[in-house]
Amino acid sequence: MAVKRNIFEEVGTGGPAPLPQGGGIDRRGAGGARGAIRIWLMILFALVALMIAVGGATRLTDSGLSITEWKPVTGALPPLDAASWQAEFDKYRASPEYQLQNSGMTMEAFKIIYWWEWGHRQLGRVIGLVWALGFLGFLAARRIPAGWTPRLLLLGALGGAQGVIGWWMVSSGLTGDRVDVASYRLATHLGLAFVILGLLAWNVMLLGRSEAGLIQARRGREARLFGLSTGLMHFAFLQMLLGALVAGIDAGRAFPTWPDMNGQFFPADAFYVPGRPAWAAFFENPGLVQFIHRMSGYLLLGFGVVVWLRGRRSAHRSTRMAFAMMMAMLWLQVLIGIATVLSAATLPVALTHQVGAVVLWVLILRARYLSQYPLAGSIRKGTA
């Protein structure tokens, strides 16, 4: 028989009220090591950024074809005696680059370019090892947050693919009458490097907040600003690929004048490549390739201004600051690009331009992230 109760009777007097429980998302991710994984990914990010810089230096010093074989494991050991050095030098002397461009090179000069390429490959091995140790360690300890295993595994798969593409790129310069790697293969190699770097940066930013915090922040997303920043991200990526085409054929050294190109707006013989159809000029004619890179840079700057103006209207101070930093770096990158042209792509300036591309890429991603997951500010603290 049911007990009659007074409607004014206190509820729950029989014992203490249960404590509120965290949401399912927080409980699901409690077993994960978000902070530790974030630090691991930050280390990988720094290594990949360094890899891009070393790769740029390897290209600018014409060192990329000094090692004519791909030995992912045994190649980790450099030549250790005079006989080993001579064997490596003999292999290089059989390559088109030596026979057509560097004939008469001394052993000492060869060692310089060899060490650049060996260091580049060795850094790739280090990155692969750091990823494998971290991933397997977190996996064995069951400390990977729910849903993150495929993301982390993807990074390793892309890193492995990058090694294969790197050799595909190098092999293009070891046959026929080529003295450089194929520019479109170089663009593929550099493009994948920026994809990996971007994924690392994005995951680091996501891991900076809890899953519940991200869901809460997403409710305040600025959809239009996110769409514009996504377009800017794609445009910047295209510009980086065009820059790789410029580097692949040394087009940056062909027209060391600005704003004209050796006295002309549009370079002469832009669609001429000996023995090749007209369409090949878009990849192989230095004048046309550099012209396209220049024009694309101006358009990117203009679109960046549009996105920045929209970002200034954000309700969140952190988002406004992120777009301001992106805009400042975009202007700086344009100026460094002009300096690269005027210096005929000397090593320090050209390498600064490539590193600038990395910084700009990350700042665009950060601005995009904050338009998707804004940080709530406080009027009282002056952070709104």
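**Figure 1. Order of the elements along the chain of the predicted model.** From the N terminus on, the elements run α-α-α-α-α-α-α-α-α-α-α-α-α, and the chain holds 13 helices and zero strands. Helices (H or I, at least four residues) and strands (E, at least two) are DSSP runs, numbered from the N terminus. Of the 384 residues of the chain, 43% count as buried, where buried means under 20% relative accessible area, exposed means over 50%, and partly exposed lies in between (1.4 Å probe, protein chains only). Residues 24 or more positions apart account for 78% of the contacts in the chain with a separation of 6 or more, contact meaning heavy atoms within 4.5 Å. This is a predicted model, in which local features need pLDDT of at least 70 and side-chain atom pairs count only at pLDDT 80 or more, whereas totals for chains, interfaces and linings use all residues. Residues are numbered from 1 along each chain as its sequence is written, and side-chain values use heavy atoms, with hydrogens and water left out.

**Figure 2. Packing of helix 2 against helix 7.** Helix 2 (residues 34–60) and helix 7 (residues 183–206) pack at an angle of about 155°, with their axes 9 Å apart; the axes are lines fitted to C-alpha atoms, for helices over the stretch in contact, and angles run from 0 to 180 degrees between N-to-C directions. The two helices are therefore roughly antiparallel to each other, given that angles under 35 degrees count as roughly parallel, over 145 as roughly antiparallel, 65 to 115 as roughly perpendicular and the rest as oblique. The contact includes Arg34, Leu41, Phe45 and Ile52 of helix 2, together with Leu190, Phe194, Leu197 and Leu206 of helix 7, among others. By residue class, the contact of helix 2 with helix 7 divides into 17 nonpolar, one polar and three charged residues, with Ala, Val, Leu, Ile, Met, Phe, Trp, Tyr, Cys and Pro counted as nonpolar, Asp, Glu, Lys and Arg as charged, and the others, Gly among them, as polar.

**Figure 3. Packing of helix 3 against helix 5.** Helix 3 (residues 82–93) and helix 5 (residues 107–140) pack at an angle of about 85°, and their axes are 11 Å apart. That angle makes helix 3 roughly perpendicular to helix 5. On the side of helix 3 the contact is made by Trp85, Gln86, Glu88, Phe89 and Tyr92, which meet Met107, Phe110, Lys111, Ile113, Tyr114 and Trp115 in helix 5. Eight of the residues in this contact are nonpolar, one is polar and two are charged.

**Figure 4. Surroundings of Arg34 and Thr58, both in helix 2.** Arg34 counts as buried at 14% relative accessibility, and its side chain reaches the backbone oxygen of Leu206 at 3.2 Å; a polar contact is a pair of N or O atoms within 3.5 Å, where within protein one must be able to donate a hydrogen and the other to accept it, and residues adjacent in sequence count only if both atoms are side-chain atoms. Leaving aside neighbours within four places in sequence, Arg34 is in contact with residues including Pro145, Trp148, Ser210 and Glu211. Thr58 counts as buried at 3% relative accessibility, and the side chain of Thr58 reaches the backbone oxygen of Val54 at 2.8 Å. With neighbours within four places in sequence again left aside, Thr58 is in contact with Ser63, Gly64, Trp116, Glu117 and His120.

**Figure 5. Surroundings of Thr319 in helix 12 (residues 317–342).** Thr319 is buried, with a relative accessible area of 0%, and a polar atom of its side chain lies 3.4 Å from the backbone oxygen of Leu370. Not counting residues up to four places away in sequence, Thr319 touches Glu222, Leu225, Ser314, Leu370, Ser371 and Pro374. The C-alpha atoms of Thr319 and Arg368 are separated by 8.7 Å, although these residues are 49 residues apart along the chain.

**Figure 6. Backbone details in two loops.** A cis peptide bond, with omega about 5°, joins Trp258 and Pro259, and Pro259 lies in the loop between helix 9 (223–248) and helix 10 (281–284). Asp269, in the loop between helix 9 and helix 10, has a positive phi of about 55° although it is not a glycine, and Asp269 is exposed, with a relative accessible area of 59%. Ala344, in the loop between helix 12 and helix 13 (347–372), has a positive phi of about 60° although it is not a glycine, and Ala344 is partly exposed at a relative accessible area of 27%.
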